[in-house]
Amino acid sequence: MVQKYESPVRIYKYPFELVVAAYERRFPTCPQMPIVLDCEIIEDNQYDNGARRDTKRRCKIAVEAPYLIKKIIGVDVVFFIQKNFLDMKTRTLNIEATNESFATRVEIFEKCRYYAHPENPDWTCFDQTATLDIKNFFGIEHSMEKMGMKQYTQTTLKGKEIIEFFVNELKQEGISHVERWADEEMENSTTAATNATPPEKPPLCRDNSILDADYIAKYLGQLTPLQESKLVQLRKRFEHGTSEHPEPDYQTLLRFLRARDFSIDKATAMLQESLQWRKEHRIDDILGEYKTPAVVEKYFPGGWHHHDKDGRPLYILRLGTMDVKGLLKSVGEDELLKLTLHICEEGLKLMKEATKLYGKPIWNWCLLVDLDGLSMRHLWRPGVKALLRIIETVEKNYPETMGRVLIVRAPRVFPVLWTIVSTFIDENTRSKFLFFGGPDCMHAEDGIEQYIDTDKIPSFLGGSCNTLIHEGGLVPKHLYKSESIEENNGAIHAHDHHGLYKAVDLKPGQLFELLIRNTDPKSVLTWDFEVLKNDTLFAVYHTEKELEQSGNDDFSSVFDMPEFKEGANYKKIEQSVKCRPKEGVQGSHEMASTGTYVLQWMCPPSCDGPAQLMYFHEILSSANYKGSMTSLQSGFSSNSLQSR
């Protein structure tokens, strides 16, 4: 049976040379490790003018085992062979230890490393692994395995204490600094390079300080021991980076872990796909190579704007004044996606800068979306399709980068757009959306002053801060490059929305009723449907009774039962509207009361054939909405979905 043990990465806030001097004091015996009875040097060789030293020791170890086990194996001590490989040039010390006693029955192999911290040369990293293979041990293999695990754990815990003890001992003797190794040739080359540009940090993030408390507090935030362990495990799966697939930094690893609920296998698969995607689309070069098209510079109403109160970089998008159709026809869907990816890469860079600026981990950013001016033209189907593609791409490759989304000045048509796109947004991300419906989103109760400093609120929202963000506006048609964007008369197809919409066929006189039980007063019921064939009547009802979806006759309503009387125990809250073929209907209703809401579609008996429609509905939770709902309540709006 083979067992593998691995200790967390440890950080010593001392230079490598001082740590090595402290380490050497552990031999031949160490008061903190009484089980080590003696260590005899049997080989000791130096190379490269003293830069490298290989040492081999035979160590005598007391057996820490119950009396009965000692009696069975017949010994009180065992011997280990330890090999040290010290390289002062590269500032590394590799240690290997194997058991000499009972080697035919038990194989123990331990490997340790001390090495200079790659980002802080005045710190030293340490990691440790061991394997235990008990082949045959007097029939007590399981007991020995448990003892081995206990022994290894205790040794690991004592390791840091021992180094700290001998460092303090050196300091008491007046030794607080040990010069780095250098020979004459090295000194000359160092002098010649004094004025040279220092080398960049290696692209591979090998800063094993992940488990150092200071590093976590400054760069990652609060983590449980289990989360730290999984982060280290995930790092080891990506530690051998290449020029094509650089090793991700710890912030990236942590984001993908969070996105997959700290499942190492799922996070690995997600990150591997993302790294391959980054390679194929040259994402690592986008900040240096991307050139903003002139149309985007002039008509795209978005940009970075200071930080929110938590230090997150703040991006503002004035979606209500954005000409979605004009931008798509001018630069195309791929170019808008590339613009979004450039913004996301800027966000990653700004988060790192904010982390240094505020001295705390900032690993997501804040998005403020101004919807003033949003109308049905924003529901142009090719535009919605492009938006869904952008959302899907960002969710896959930039998980957990969105800290908070502030939706301000939301008009009545917004729930319809939210109905369409929200299903494609990760549930965790959706929980970060906050909605502000009234015109005074700044000073209202629970207004955006909770999240953005007053002197940083843009002037167009009633604040005093001017921004360089463009107001948007219509893109002139002479800038359109292509008419190839498929409009398809605005038709909705199930494959366009990944099964978001459901299809219904109704015979003349047949009803289809969708029952929605509401337990959340002030939530908003939204709907979006399109009639594909023949006329259809649509209405919305409410009753305080709790109804369940039933298999009633398709030609009768739930309200046809004797106990129901319109105006007494149920009422029509949205009057019937006749919808023509190829016509779409979007709407919303504030569900002020609990009970059951009923969306009803009916094919009129006078139709000469069956009606067909595709529908979708969703509930906008009141918990995520801040401000008056009046601006959202629109009843229904019937509009052709043709591009206009």
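Trainee: What does the chain average in pLDDT?

Mentor: This is a predicted model, in which local features need pLDDT of at least 70 and side-chain atom pairs count only at pLDDT 80 or more, while totals for chains, interfaces and linings use all residues. Residues are numbered from 1 along each chain as its sequence is written, and side-chain values use heavy atoms, leaving out hydrogens and water. Since pLDDT is the predictor's confidence in each residue, from 0 to 100, you may read it beside the share of residues that score at least 70, which is 78%; the chain average is 79.

Trainee: Which strand has the lowest mean pLDDT among the elements of the chain?

Mentor: Helices (H or I, at least four residues) and strands (E, at least two) are DSSP runs, numbered from the N terminus. The highest mean, 96, belongs to strand E10 (residues 313-317), whereas the lowest, 34, belongs to strand E23. Where pLDDT is low, the predicted coordinates should not be read in detail. The name asked for is E23 (residues 635-640).

Trainee: Which strands stand at the edges of the open sheet of four strands?

Mentor: Two strands pair if DSSP finds at least two bridges between them, and here the antiparallel pairing gives the order E15-E20-E17-E18. Each edge strand has a single partner strand, so one side of each is left without a neighbour in the sheet: these are E15 (511-518) and E18 (571-579).

Trainee: Over how many bridges do strands E17 and E20 pair?

Mentor: Strand E17 covers residues 536-543 and strand E20 covers residues 595-602. Within this pair, His542 stands opposite Tyr597 in E20. The two strands pair in the antiparallel sense, and the number of bridges is seven.
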